[in-house]
Amino acid sequence: MITLDRESLLVRVEATTRFADLEAWLARDDLTLDAGAWDGTIGDWLAAGAPGARSAWLDPADHLIAGFTSRTRQGDAFEIRPAPRRAVGPDLLALILGTHNELLRLDSVWLRAHRRGVARPSTEPFEDDTEPLTHDERALYTAIRVAF
């Protein structure tokens with residue numbers, strides 16, 4: 001099931017929805033995720049780090065994900081309700097975005113849609129220069145993974 005809040009341009013979608021199906025659904029209202037293409041589900045796309053999505057550094061007030069529902073590996077429900085991303089405390093999106101479902105399994109997500117043909121901030125393509133985790137960072141990640 002797909003739900004669109006026309007005022008905020010937030011779209012709620014199940015993680016099992018195919019990316020192309022969501023884009024086709026949005027196109028009926030002249031909207032898009034503005035994130036390229038993906039041959040798979042929304043959940044798989046986010047688990048892979050949302051390849052093709054615009055860099056969050058382009059507009060600090062905009063956001064790809066406004067909220068989500070998920071489950072821990074033990075089956076406990078975990079929800080972040082849609083809200084401006086700077087207003088919800090710690091960035092818990094890091095528990096799903098790009099983690100390949102190691103920490104949480106996404107059930108549904110609120111994504112930001114954009115009107116087609118509207119100019120948006122742009123820059124050179126973002127190059128991922130992320131370095132491998134240090135020993136201490138890996139230990140923290142492992143501790144979080146065990147907790148979930």
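A salt bridge is a side-chain nitrogen of Lys or Arg within 4 Å of a carboxyl oxygen of Asp or Glu. In this predicted model, Asp29 and Arg6 form such a contact, with their closest N and O atoms 3.2 Å apart. Asp29 lies in the loop between helix 1 (19–27) and strand 3 (31–32), and Arg6 in the loop between strand 1 (2–5) and strand 2 (10–14), so the salt bridge ties together parts that are 23 residues apart in sequence. The two partners differ in their accessibility class: Asp29 is partly exposed, with a relative accessible area of 28%, whereas Arg6 is exposed, at 53%.

**Further salt bridges**

The structure holds seven salt bridges. Among them is the contact between Arg116 and Glu23, where the closest N and O atoms are 3.8 Å apart. This pair links distant parts of the chain, since Arg116 belongs to the loop between strand 7 (114–115) and helix 3 (135–147) and Glu23 to helix 1, 93 residues apart. Arg116 is partly exposed, with a relative accessibility of 38%. Glu23 has a relative accessible area of 11%; it is therefore classed as buried, the limit being under 20%.

Arg105 and Asp107 also meet through their side chains, at 2.8 Å from N to O. Arg105 counts as partly exposed, with 45% relative accessibility. Arg105 and Asp107 are joined with Arg71 into one network by salt bridges that share partners. In general terms, side chains of opposite charge can pair when their charged atoms come close.

The three salt bridges described here are listed below with their N to O distances.

| Salt bridge | Distance between N and O atoms |
|---|---|
| Asp29 and Arg6 | 3.2 Å |
| Arg116 and Glu23 | 3.8 Å |
| Arg105 and Asp107 | 2.8 Å |

**Strand pairing**

Strand 1 and strand 2 run antiparallel and are joined by four bridges. Asp5 has Leu10 of strand 2 as its bridge partner. The two strands form a hairpin with four residues between them, and Leu9 in the turn has a positive phi of about 60°. Arg6, the partner of Asp29 in the salt bridge described above, lies in the loop between these strands.

Strand 2 also pairs with strand 6 (residues 104–112), in the antiparallel sense and over five bridges. Here the bridge partner of Leu10 is Arg112 in strand 6. Leu10 thus appears in both pairings, with Asp5 as a partner in the hairpin and Arg112 as a partner in strand 6.

Key: Residues are numbered from 1 along each chain as its sequence is written. This is a predicted model: local features need pLDDT of at least 70, side-chain atom pairs count only at pLDDT 80 or more; totals for chains, interfaces and linings use all residues. Side-chain values use heavy atoms; hydrogens and water are left out. Buried means under 20% relative accessible area, exposed over 50%, partly exposed in between (1.4 Å probe, protein chains only). Two strands pair if DSSP finds at least two bridges between them.
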